[in-house]
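Biologist: I should like a close look at one part of this model, beginning at a single helix and working outward from there. Please set out the terms as you use them.

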Amino acid sequence: MSVLRIGAGAGFSGDRIAPAVELAERGELDFLVFECLAERTIALAQLARLKNPAAGFDPLLERRMRAVLPVTARNGTRIVTNMGAANPRAAARLVRRIATELGLHGLRIAAVGGDDVLAAIGPCRLDETGAAASALGDRLVSANAYIGVAPIVAALDAGADVVICGRASDPALFLAPLVHHFRWRMDDWTRLGRGTLVGHLLECSAQVTGGYFADPGRKHVPDLARIGFPLAEVDGDGNATITKVAGSGGRVSRASCIEQLLYEIHDPARYLQPDVAADFSRVRIEETGPDRVAVSGADGRAATGMLKISVGYRDGWKGEGQISYAGANCLARAELAASLVGERLADCGAEILETRREVIGHDSIPRPAAAGPSAARPAAAPHEVRMRFAARCRTEAAAETVGEEVEGLYLCGPAGGGGVTRSVTEIIAIASTLMPAGDVETGFEMVEADDAAA
Amino acid sequence: MRLHDIAHGRTGDKGDISNISVIAYDPADWELLVRAVTVERVAGHFGAGFASSITRHLLPQLQAMNFVLEGALTGGVTRSLALDAHGKCLASVLLEMEI
């Protein structure tokens, strides 16, 4: 039975590019998938598109494509990515132009659309607030459905060499080439569940090859500096081996695969996807050779018929400031600094909606509360700490005052503070809702060379 | 001993829900994990009010368990004011548990 080789070229928008090139060059890949959209990325991209109608796609799209296209075109490797973000058509036109510049005139590039459901989102009730999305008024920025494989498969069936989506379910980017290649039926829940597992294991790139895994003295990862990105060899039944190219750094092990299996999963028996309710509860994971791990036993049941929708909305401004204290009595001085900023900001009154004060090195991360030897371990006086004050504000001006008051600690705060940093960012929050899959019409279009001039 | 001596794990986040895996290095330690790392122990470890609910899912064939902590991320990564808004550090905090 033939085997399809799918590689992961990115697991988030800022992911490293060199391992993707290495994988493209040496992975003998049929498909290379770049997954670059986090929960909020598309809302931020939508803001960029509102400012510039030609923008709104992944800022690293051009660098990534210039790096890998000559290799993938030479090797006959096809690309699937969600780097289109809020503007897949503009992204596809850019890739078209890059391909032409590189002399790759025969490449067929498709843009997938239909995930943008902003026009229809108004009546949908948001899980977080219970209110209709329309209640957000002009704070509403974006609404995107996590779409399934159908339009990606259709684009591949039509011969696309590069398929550029906006929001799709992350595993669907990997499942689509499998459905396309093996002609899996869309009610073959077991195979769709297995393909979803492959996608889930690959979608965070190096997180399955030893990235985000090393723990010195406990979990060793060889040559982490040169970590390789993963690829899966998948057979027609959806069983797979997770591996990486020989000579790359990192390690694919049973342990690395189990960590990634459970990453961002709730009930393993019910991993809801647009095309299938995948069941990972009986997955088997077995090392079959160096850096080779066989995964099997995933299953699936009928999809729910509802698509998850991510709704992005403006939620005020975040102002933040930090300052360091060190040496004798530093913790007490940091805590005094935090309370001073709190008092001084009280004058801003209603403009400040929520505040948070942390002492980095002491309590910025939750610490064990339970009684017992670990909690009772005497806390050594820290050598240095960093006070961080953050606030969510109604206005940008109020958010600016947070950093100003932290900076003001230089002359009007406790002794010996140093190294102030401050920032102000607009908060784009995400809420969720569901929409019947039948209400979300998806499709694709081939972007022809003529469009490049447009 | 500390949980870190016999298990590893990773944190994930979706909205205001954190999930933390706990995985035995040695299959022989699985029964101990199931007995010792219960929902009650995890709730006590993070303290009162840390999460609105905690659920444990077991995958015995992988000697792995998955804790789902709802309401644990002060509103979720997109609006939390916390430095580690994803709660990425929580798995390592859990591995400090004495068992």
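Biologist: Which residue with a positive phi follows H1(A)?

Modeller: The residue is Glu28(A), which comes after H1(A) and has a positive phi near 45 degrees. Residue numbers start from 1 along each chain as its sequence is written, while chains are lettered from A and ligands numbered from 1 in the order in which they are written. The model is predicted, and local features therefore need pLDDT of at least 70, side-chain atom pairs count only at pLDDT 80 or more, and totals for chains, interfaces and linings use all residues.

Helix H1 of chain A spans residues 18–26. Helices (H or I, at least four residues) and strands (E, at least two) are DSSP runs, numbered from the N terminus. Within H1(A), the residues Pro19(A), Ala20(A), Glu22(A), Leu23(A) and Ala24(A) are buried. A residue is termed buried if 20 or more other C-beta atoms lie within 10 Å of its own, exposed if 12 or fewer, and partly exposed in between, with C-beta atoms placed from the backbone. The cover over these buried residues includes strand S1 (3–10), strand S2 (31–34), H3 and strand S7 (231–235) of chain A.

Of these elements, H3(A) deserves particular attention. H1(A) and H3(A) pack at an angle of about 5 degrees, with their axes 9 Å apart. Axes are lines fitted to C-alpha atoms, for helices over the stretch in contact, and angles run from 0 to 180 degrees between N-to-C directions. The two helices are therefore roughly parallel to each other, given that angles under 35 degrees count as roughly parallel, over 145 as roughly antiparallel, 65 to 115 as roughly perpendicular and the rest as oblique. From H1(A), Ala20(A), Val21(A), Ala24(A) and Glu25(A) meet Arg64(A), Ala67(A), Val68(A), Val71(A), Thr72(A) and Asn75(A) of H3(A); two residues are in contact if their C-beta atoms, placed from the backbone, lie within 7 Å. This contact comprises six nonpolar, two polar and two charged residues. Here Ala, Val, Leu, Ile, Met, Phe, Trp, Tyr, Cys and Pro count as nonpolar, Asp, Glu, Lys and Arg as charged, and the others, Gly among them, as polar. Ala20(A) and Ala24(A) thus appear both among the buried residues of H1(A) and in its contact with H3(A).

H3(A) also packs against another helix. H3(A), residues 61–75, and H4(A), residues 88–101, have axes 10 Å apart and an angle of about 40 degrees. That angle makes H3(A) oblique to H4(A). Their crossing is right-handed; a crossing is left-handed if the near helix is turned anticlockwise from the far one by less than a right angle, and right-handed if clockwise. On the H3(A) side, Leu61(A), Glu62(A), Met65(A), Arg66(A) and Leu69(A) take part, and they meet Ala91(A), Leu94(A), Val95(A), Ile98(A) and Ala99(A) of H4(A). Eight nonpolar, no polar and two charged residues make up this contact.

A further helix pair may be set beside these. The axes of H6(A) (residues 170–182) and H7(A) (residues 189–202) come within 8 Å and cross at roughly 125 degrees. This makes H6(A) oblique to H7(A), and the crossing is right-handed. Among the participants, Phe174(A) and Leu178(A) belong to H6(A), and Leu192(A) and Val198(A) to H7(A). By class, the contact has nine nonpolar, four polar and one charged residues.

As to the wider setting, chain A is divided into domain 1 (3–310 + 433–453) and domain 2 (314–367 + 379–430), with bounds taken from an automatic or database domain assignment. The C-alpha centres of the two domains lie 38 Å apart.

Glu28(A) may also be set beside Asp291(A), a residue with a positive phi of about 55 degrees although it is not a glycine. Asp291(A) occupies the loop between S11 and strand S12 (292–296) of chain A. Asp291(A) is buried, because 22 other C-beta atoms lie within 10 Å.
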